[in-house]
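Please look over the sequence and the model below, and then follow the text from the ligand site to the interior of the protein.

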Amino acid sequence: MTALLEIRDLRKSFAGVHAVDGVSFTVEQGSITGLIGPNGSGKSTTIDCIAGFQKADGGRVVLAGTDIAGRSAHQIARAGLMRTFQTVRVYENLPLRDNLAIAAQQFDDATWSDELFRTRRYRRAAAAAETRARELIELVGLARYYDADAGILSYGQKKLLALAAALMPRPRIVVLDEPVAGVNPTRIRDVEDVLRKLNAGGETFLIVEHNVEFITNLCHHVIVLDQGRKLAEGTAAAIHTDPRVLEAYLGMTPEMAEAEMRGAA
Ligand SMILES: Nc1ncnc2c1ncn2[C@@H]1O[C@H](COP(=O)(O)OP(=O)(O)OP(=O)(O)O)[C@@H](O)[C@H]1O
Ligand SMILES: [Mg+2]
């Protein structure tokens, strides 16, 4: 196993609130790593700092050997770290194919003049993006909507489209912010299957999610935050039975927590 993403002593405060208070963890190449914790424990701030949507006060964020802390979100995306958002962001009035073409164009090296004059470089990039788009849309199970406007998709399907868009530039890692929040419970399995399939194809994921059952089913490694600090980490099975996690994270007795994890978390 090699560390693809290494977070060292990450810190971020807001007016005296230590939102992230010295967090360190590693995401292994090819893994699905989960980041969980109660409300306000610092999950969103952590991934915002990693992806460049917030500026950390201190710490290192090393992606494939390069410290990317302090770079802009766009630079970090170009370096190979893409993220999706809790509230889904797609172009509702554009077909899926255009949503994906736009996602590809943000990071290809064709200039406006290449595009204007339809240079060979532009045509080559567009053809490669089209192939990639078809492959991804098939993988996330939306092939039959390829030419339909994104607006007709269900909420869960839009999340899958956003995932496909994040994968368009072939990132090294995708950070998913609550991928199943607001998704119909019967569809959560579909998202799980898609992520597992993508992971089997070599994709690496860091997932923030409230749904503990989803995280437990999917993740190889789980990090638990509490009050801006790492409370525990380990395999899903180890986290599941860690008394500190049950008490501090779930705030309940082991029996109650067990029932909660088995049901809808
Ligand atoms: N922009 C901000 N300004 C001030 N305080 C903030 C800001 N963003 C986050 N915080 C505070 O930082 C702490 C961590 O918040 P964060 O949103 O990272 O938690 P979270 O684990 O993502 O919570 P949730 O599960 O509710 O999404 C909280 O106390 C929160 O109130
Ligand atoms: Mg959050």
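In this predicted model, ligand 1 is surrounded by twelve residues that can be found in the sequence as Phe14, Val17, Ala19, Pro38, Asn39, Gly40, Ser41, Gly42, Lys43, Ser44, Thr45 and His210. Sorted by class, this shell around ligand 1 comprises four nonpolar residues, seven polar ones and one charged residue.

Several members of the shell can be followed down to individual atoms. The side chain of Asn39 places an N or O atom 2.9 Å from an oxygen atom of ligand 1, while for Gly40 a backbone N or O atom is found 2.8 Å from an oxygen atom of the ligand. Gly42 likewise contributes through its backbone, where an N or O atom lies 3.0 Å from an oxygen atom of ligand 1. Considered by itself, ligand 1 would expose 640 Å², and of that area the protein buries 60%. Two elements give two or more residues to the shell around the ligand, namely strand S2, which spans residues 17-28, and helix H1, which spans residues 43-51. Of the shell around ligand 1, H1 provides the largest share, with three residues.

Apart from the ligand shell, the protein also encloses internal space. How many cavities of 30 Å³ or more does the structure hold? There are two cavities that reach this volume, and the largest cavity has a volume of about 120 Å³. The lining of the largest cavity is made up of Thr84, Phe85, Val88, Lys159, Leu160, Ala162, Leu163, Leu176, Asp177, Pro179, Val191 and Leu195. In terms of class, nine of these lining residues are nonpolar, one is polar and two are charged.

The lining can also be read by element, since at least two residues each are supplied to the largest cavity by helix H6 (155-167), strand S7 (173-177) and helix H7 (185-200). It is H6 that gives the largest share of this lining, four residues.

A final stop is Arg132, which belongs to helix H5, a run covering residues 120-139. Is Arg132 buried or exposed? Arg132 counts as buried because its relative accessibility is 7%, and the cut-off for this class is under 20% relative accessible area. As for a polar partner of this side chain, one of its polar atoms lies 2.8 Å from the backbone oxygen of Leu167.

Methods:
Residues are numbered from 1 along each chain as its sequence is written. Chains are lettered from A and ligands numbered from 1 in the order in which they are written. This is a predicted model: local features need pLDDT of at least 70, side-chain atom pairs count only at pLDDT 80 or more; totals for chains, interfaces and linings use all residues. Side-chain values use heavy atoms; hydrogens and water are left out. A residue is near a molecule or strand if one of its heavy atoms lies within 4 Å of it. A polar contact is a pair of N or O atoms within 3.5 Å; within protein, one must be able to donate a hydrogen and the other to accept it, and residues adjacent in sequence count only if both atoms are side-chain atoms. Accessible areas come from the Shrake-Rupley method with a 1.4 Å probe; for residues, only the protein chains shown count as cover. Ala, Val, Leu, Ile, Met, Phe, Trp, Tyr, Cys and Pro count as nonpolar, Asp, Glu, Lys and Arg as charged, and the others, Gly among them, as polar. On a 1 Å grid over the protein atoms alone, a cavity is a set of points where a 1.4 Å probe fits but cannot get out, and a pocket is an open set with protein on both sides within 12 Å along at least five of seven lines; lining residues have an atom within 4 Å of a point. Grid points are joined across faces, edges and corners, and a volume is the space filled by probe spheres set on the points. Buried means under 20% relative accessible area, exposed over 50%, partly exposed in between (1.4 Å probe, protein chains only).
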